[in-house]
Amino acid sequence: MQVPAYVDYERATSVEHALALLARYGPGARVLAGGHSLIPMMKLRLAQPETLIDINPLTELDYVRLDGGELRIGALTRHAGLLGSPLAGAAAPILHDAERVIADPVVRLWGTVGGSLCQADPSEDLSAAFAALKATMVIAGPGGERTVPARMFHTGPYETVVAPGELLTEIRVPVAPGGGSAYVKVGRRAGDWPVGAAGAAVRLDGNVITSAGIGLTAVGAEHFCAAEAEEALRGAPATEESFARAGRLAAEHCRPVTDQRGPADYKRHLAAELTVRALRRAADRARGPGRGA
Amino acid sequence: MNGAERTAEVEPRLLLIHLLRDHLGLTGSHWGCDTSNCGACVVLLDGKPVKSCTVLAAMADGHRVRTVEDLERDGRLDPVQEGFARCHGLQCGFCTPGMMLTASWLLDHDPDPSPAAIREALSGQVCRCTGYENIVRAVRWAAARRGAGPR
């Protein structure tokens with residue numbers, strides 16, 4: 001039987017209250033959202049917080065809306081909420097592609113977008129999707145709010161820039177016409193973590209790529225992105241040749257490791273192939289009518 | 001708790017599944033993999049299925065919990081239960097309570113689900129007897145019964 005170790009529990013009733021509780025309990029406190037990563041980690045003693053600050057009552061952090069040219073996603077939005085949002089699907093279809101293959105429908109009802117990002121698993125899907133979208137994270141703390149680019153959010157496996165005493169509150173995704181995005185994942189079975197996955201967000205002017213974002217997960221890509229491949233795509237035509245070159249660059253610069261999900265060379269192959277497939281689909285969507293990022 | 005208020009004093013670390021089974025004596029919910037993979041422990045929390053091995057009992061404080069014990073009403077089986085019985089949707093029965101509760105939630109939102117929609121909804125739950133074909137038939141049967149009867 002797996003049960004968490006002894007822990008104290010506090011329930012926050014507002015963002016201010018959550019920050020006050022985090023300040024009171026210090027570095028031994030952990031934020032509890034959906035709990036679908038944290039509670040399994042506590043059972044295994046991989047996480048041993050002294051106090052849980054339950055933020056589930058903070059419904060003010062559960063929203064998806066368009067505001068000032070940005071898609072804004074509250075950190076407590078459930079995976080099912082993001083997947084069920086037509087706004088998100090239209091503005092950034094990569095998010096729906098990714099959400100469809102995160103865990104299973106029951107887990108998606110409870111797990112949260114912010115929780116997944118803060119868990120910072122090196123195989124997490126949304127980390128790659130938001131890296132591809134060049135999103136911005138909004139973090140609340142005792143001194144007010146600060147923003148951090150998605151690509152600077154993770155500092156290592158299971159580590160982020162969110163300091164003790166701080167709370168991720170929102171993710172902002174830039175949305176502009178002429179964009180298209182997509183996410184492609186290979187897993188061993190339904191609902192599993194990826195063996196490898198890639199996301200792409202491109203903007204086209206005619207058939208010229210004016211900007212490209214490529215997110216990679218589970219393959220040891222620095223900051224969940226493929227900067228060299230993105231650089232090679234800027235100003236290039238949106239063709240199979242360009243995508244293949246980007247795939248090769250993405251594979252060259254990632255550092256996958258062999259584990260129970262597959263050997264490193266296979267994951268490197270996936271990094272290349274899935275980058276190509278994500279770019280192809282993202283470009284198709286960018287060419288389609290009425291698409292956002 | 002199944003329509004009645006229940007009070008228990010528990011440690012913060014107590015999981016909801018253990019509150020149900022060990023403190024409240026509701027052993028219809030099964031405790032399976034302990035890793036939120038198998039779905040044997042699924043109950044409805046505020047009407048939505050949840051793997052109760054991955055929720056603290058404290059998180060359910062003040063919320064509505066519904067378990068398999070509450071499906072039958074006044075001696076009448078819920079259409080989902082009747083479907084599982086008629087279509088042989090269970091063999092050993094270990095996964096059945098969780099399967100039925102998720103199926104019941106699915107039918108609340110999609111009264112006429114396709115076999116593919118049923119498989120997707122139940123994809124986070126494991127039947128080690130591999131009785132999936134009959135489980136899908138059972139849910140289809142329940143959908144037809146619910147559609148035909150008074151809502």
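**Strand pairing in chain A and a helix contact in chain B**

Strand 5 of chain A pairs with strand 10 (residues 167-174) of chain A in the antiparallel sense, over 5 bridges, where two strands pair if DSSP finds at least two bridges between them. Helices (H or I, at least four residues) and strands (E, at least two) are DSSP runs, numbered from the N terminus. This is a predicted model, in which local features need pLDDT of at least 70 and side-chain atom pairs count only at pLDDT 80 or more, while totals for chains, interfaces and linings use all residues. Residues are numbered from 1 along each chain as its sequence is written, and chains are lettered from A and ligands numbered from 1 in the order in which they are written.

Strands of chain A
- In the pairing with strand 10 of chain A, Gly74(A) stands opposite Glu170(A).
- Strand 5 (residues 70-74) of chain A is also joined by 4 bridges to strand 4 (residues 64-67) of chain A, and these two run antiparallel, with Leu66(A) opposite Leu71(A).
- Strands 4 and 5 of chain A form a hairpin with 2 residues between them, and Gly68(A) in the turn has a positive phi of about 60 degrees.

Helices of chain B
- Helix 2 (residues 79-86) of chain B packs with helix 5 (residues 132-148) of chain B at an angle of about 135 degrees, their axes 8 Å apart; axes are lines fitted to C-alpha atoms, for helices over the stretch in contact, and angles run from 0 to 180 degrees between N-to-C directions.
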